[in-house]
Amino acid sequence: MLVHEVLTPGYVASRPEQFQRFAARYHTTTRQLADLAREARPPLLVLYHYSALSPDELLSEMLSAYAGHFVVGRDLDVY
């Protein structure tokens, strides 16, 4: 299992320029995480500490970029 944080590009673009620079350095976009997960090939990818304009945006971004099994994690979930 790989547990990883993720931000959607739309969310990042909606934030102030200072945050965008911070996010580019210290956070992972959906595309970047999809690339990382394809290389790591975890049986399950758990998205956590995520930010998106909407839950649908997060799911759509990940589904379009990553074909592996993933879930959107929530506090106290068990996998």
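In the predicted model, His-49 counts as exposed, since its relative accessibility is 52% and the cut-off for that class is over 50%. The residue lies in strand β2. Its backbone is notable for a positive phi of about 45°, although His-49 is not a glycine. A positive phi is also found at Arg-41, where the value is near 55° and the residue is again other than glycine. Arg-41 directly follows helix α3 and belongs to the loop between α3 and β2. With a relative accessibility of 69%, Arg-41 is likewise classed as exposed.

Strand β2 also contains Leu-47, a residue with a relative accessible area of 0%, which therefore counts as buried. When residues up to four places away in sequence are set aside, Leu-47 touches His-4, Val-6, Leu-33, Leu-58, Met-62, Phe-70, Val-71, Val-72 and Gly-73. For one of these partners, Phe-70, the separation from Leu-47 is 23 residues in sequence and 7.3 Å in space, C-alpha to C-alpha. Another partner, His-4, is placed in strand β1. His-4 has a relative accessibility of 16% and so counts as buried, the limit for this class being under 20%. Beyond its neighbours within four places in sequence, His-4 is in contact with Thr-28, Leu-33, Leu-36, Leu-45, Val-46, Leu-47 and Tyr-48. Leu-33 thus appears among the contacts of His-4 and also among those of Leu-47.

The overall order of elements provides the setting for these contacts. The chain comprises four helices and three strands, which succeed one another along the sequence in the pattern β-α-α-α-β-α-β. Among contacts between residues at least 6 apart in sequence, 65% join residues at least 24 apart.

Helix α3 spans residues 30-40, and its buried residues are Thr-30, Leu-33, Ala-34 and Ala-37. Viewed down the axis of α3, these residues fall within an arc of 105°, so they line one face of the helix. The packing partners of the buried residues of α3 are β1 (2-7), α1 (9-13), β2 (45-51) and α4 (55-65). Leu-33, from the buried set of α3, is one of the residues touched by Leu-47 of the strand β2.

In helix α4, the buried residues are Glu-57, Leu-58, Met-62 and Ala-65. They cover an arc of only 120° around the axis, which puts them on the same side of α4. The opposite face, turned away from the buried side of α4, carries the exposed residues Pro-55, Asp-56, Leu-63 and Ser-64. Cover for the buried residues of α4 includes β1, α1, α3, β2 and β3 (70-72). Two of the buried residues of α4, Leu-58 and Met-62, are among the contacts of Leu-47.

Further exposed positions occur in other parts of the chain. Arg-21 is found in helix α2, which covers residues 17-26, and is exposed, with a relative accessible area of 52%. Arg-21 and Arg-74 are separated by 53 residues in sequence, and their C-alpha atoms are 27 Å apart. Asp-75 is placed in the segment after β3. It is exposed, with a relative accessible area of 75%. Between Asp-75 and Tyr-48 there are 8.9 Å in space, C-alpha to C-alpha, at a sequence separation of 27 residues.

At the level of the whole chain, the C-alpha atoms fill a box of roughly 35 × 25 × 20 Å along the principal axes. A compact globule of 79 residues would have a radius of gyration near 12 Å, and the chain, with 12 Å, agrees with this expectation. Of the 79 residues, 35% count as buried. The accessible surface comes to about 5300 Å², with 54% of it belonging to carbon and sulfur atoms. There are 7 positive and 9 negative side chains, and the centres of the two sets lie 5 Å apart.

Methods. Residues are numbered from 1 along each chain as its sequence is written. This is a predicted model: local features need pLDDT of at least 70, side-chain atom pairs count only at pLDDT 80 or more; totals for chains, interfaces and linings use all residues. Side-chain values use heavy atoms; hydrogens and water are left out. Buried means under 20% relative accessible area, exposed over 50%, partly exposed in between (1.4 Å probe, protein chains only). The arc is that of the directions from the helix axis to the C-beta atoms. Contact means heavy atoms within 4.5 Å. The radius of gyration is taken over C-alpha atoms; the globule rule is 2.2 Å times the number of residues to the power 0.38. Accessible areas come from the Shrake-Rupley method with a 1.4 Å probe; for residues, only the protein chains shown count as cover. Lys and Arg count as positive and Asp and Glu as negative; His and the chain ends are not counted. The place of a charge is taken as NZ of Lys, CZ of Arg, CG of Asp or CD of Glu.
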